[in-house]
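Subject: Structure handover and notes

Dear colleague,

Please find below the sequence and the structure that I promised to pass on. My notes on what was found follow underneath, and I would be glad if you read them with the model open.

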Amino acid sequence: MPLYEYELCEGDCAVCGGRFTLRRPVTAKPLTQCPACKKPVRRVISSFNTPKLLKPLSVTDAKKAGFTVLKRTGKGEYERQ
Ligand SMILES: [Zn+2]
């Protein structure tokens, strides 16, 4: 999961210090608010942290991101992996 860096668009935040990093799945929507204080944030683009190639999200990555991965079984039911 890539690590993204964010900073507040304006003001200060005692919780995040106005700047914080967050691991997010590549499929997640862009973060627009500080998760702690709900102030607007923008993503900081750091040159070394931007992968040129995005590898496909694997089942393991999805699980790490907290997704429940469902596998279809033969009986047409779904089972947690
Ligand atoms: Zn904050």
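Helices (H or I, at least four residues) and strands (E, at least two) are taken here as DSSP runs, numbered from the N terminus. On that basis the protein chain holds one helix and five strands, and reading along the sequence gives the pattern β-β-β-α-β-β.

Before the details, two remarks on how to read them. The residues are numbered from 1 along each chain as its sequence is written. The model is a predicted one, in which local features need a pLDDT of at least 70 and side-chain atom pairs count only at pLDDT 80 or more, while totals for chains, interfaces and linings use all residues.

Confidence comes next. The pLDDT is the predictor's confidence in each residue, from 0 to 100; its average over the protein chain is 80, and 68% of the residues score at least 70. Among the elements of the chain, β3 has the highest mean pLDDT, 93, whereas strand β5 (residues 78–80) has the lowest, 66. Where pLDDT is low, the predicted coordinates should not be read in detail.

As for the sheet, two strands are said to pair if DSSP finds at least two bridges between them. An open sheet of three strands has the order β2-β1-β3, and its pairing is antiparallel. The edge strands, each pairing on one side only, are β2 (19–23) and β3 (41–44). Neighbouring strands of this sheet are turned against each other by 35 degrees on average, direction ignored, where the axes are lines fitted to C-alpha atoms (for helices over the stretch in contact) and angles run from 0 to 180 degrees between N-to-C directions.

Strand β1 (residues 3–8) is joined to β3 by four bridges, and five bridges join β1 to β2. Y6 illustrates both pairings, since this residue stands opposite F20 in β2 and has R43 as its bridge partner in β3. L8, in turn, stands opposite V41 in β3.

The loops gave several further points, for which two more terms are needed. A residue is called buried if 20 or more other C-beta atoms lie within 10 Å of its own, exposed if 12 or fewer do, and partly exposed in between, with C-beta atoms placed from the backbone; two residues are in contact if their C-beta atoms, placed in that way, lie within 7 Å. Of the 81 residues of the protein chain, 5% count as buried, and among contacts between residues at least 6 apart in sequence, 42% join residues at least 24 apart.

C34 lies in the loop between β2 and β3, and C34 counts as buried because it has 22 C-beta neighbours inside 10 Å. Leaving aside neighbours within four places in sequence, C34 is in contact with L8, C13, C16, K39 and V41. The C-alpha atoms of C34 and V15 are 9.3 Å apart in space, although the two residues are 19 apart in sequence.

P40 is also found in the loop between β2 and β3, but P40 counts as exposed because it has 11 C-beta neighbours inside 10 Å. Its contacts, again without neighbours within four places in sequence, are C9, T32 and Q33. P40 and C9 are 31 residues apart in sequence and 5.8 Å apart from C-alpha to C-alpha.

K38 is found in the loop between β2 and β3, and with 10 other C-beta atoms within 10 Å it is exposed. The phi of K38 is near 65 degrees, a positive value in a residue other than glycine. Most residues other than glycine have a negative phi.

Finally, E10 is found in the loop between β1 and β2 and counts as exposed, with 8 C-beta neighbours inside 10 Å. E10 and R42 are 32 residues apart in sequence, and their C-alpha atoms are 9.7 Å apart in space.

With kind regards
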